[in-house]
Amino acid sequence: MPAKKRTAASTSKNNDSPLSPHTDDPVYKEKRKKNNEAVQRTREKTKKSAEERKKRIDDLRKQNDALKVQIETSEKHISTLRDLIIQGEKTEDGHRIIQEILAGPDPKDND
């Protein structure tokens, strides 16, 4: 958010210009220093939060892609099992396919 612009009305009210003796006041300087530090902390916190949010989004996208692959694999397995049931044949090949599907994914396939 941009800083407020000073208007003629606001400067004439206090008659404080940036060059006024008020800026030499140690209390004023200390307040400005603390404010500048607080602003810096807030900006750093906002930046860190945005970076964490971006990382979380990236992680969720990767997880979503992995889940989509898992869904596709499961749908293929269902289709294969459905075909085997419809055929009604008890072959050794059919039995092997069923056992592979029931055993789950091969760890070598995750590479």
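These legends go with an overview and three close-ups of a predicted model.

**Figure 1. The whole chain is helical in its secondary structure, with three helices and zero strands.** Walk along the sequence and the pattern reads α-α-α. Buried residues account for just 4% of the 111 residues in the protein. The accessible surface adds up to about 10700 Å², and carbon and sulfur atoms own 54% of that area. A search of the whole structure turns up three salt bridges, and the close-ups below take them one by one.

**Figure 2. Lys54 and Asp58 pair up in a salt bridge within helix α2.** This helix covers residues 26–87. The two partners are four residues apart, or about one turn of the helix. Between the closest N and O atoms the gap is 3.4 Å, which counts as a salt bridge because the cut-off is 4 Å. How do the two ends compare in exposure, exposed or partly exposed? Lys54 has a relative accessibility of 55%, so it counts as exposed. Asp58 comes in at 30%, so this end of the pair is partly exposed.

**Figure 3. Lys55 and Asp59 make another salt bridge in helix α2.** Here the N to O distance is 3.1 Å. Once again the spacing is four residues, about one turn of the helix. Lys55 is exposed, since its relative accessible area is 53% and the exposed class begins over 50%. Asp59 has 34% relative accessibility and is therefore partly exposed. Taken with the previous view, the lysines Lys54 and Lys55 are exposed, while the aspartates Asp58 and Asp59 are partly exposed.

**Figure 4. Helix α3 holds a salt bridge of its own, between Arg96 and Glu100.** The helix runs over residues 92–103. What separates the closest N and O atoms of this pair? The answer is 2.6 Å. Arg96 and Glu100 sit four residues apart in the helix, which again is about one turn. On the surface side of things, Glu100 has 45% relative accessibility and counts as partly exposed. Arg96, at 39%, is partly exposed too. Neither residue makes the exposed class, because that takes a relative accessible area over 50%.

Terms used:
Residues are numbered from 1 along each chain as its sequence is written. This is a predicted model: local features need pLDDT of at least 70, side-chain atom pairs count only at pLDDT 80 or more; totals for chains, interfaces and linings use all residues. Side-chain values use heavy atoms; hydrogens and water are left out. A salt bridge is a side-chain nitrogen of Lys or Arg within 4 Å of a carboxyl oxygen of Asp or Glu. Helices (H or I, at least four residues) and strands (E, at least two) are DSSP runs, numbered from the N terminus. Buried means under 20% relative accessible area, exposed over 50%, partly exposed in between (1.4 Å probe, protein chains only). Accessible areas come from the Shrake-Rupley method with a 1.4 Å probe; for residues, only the protein chains shown count as cover.
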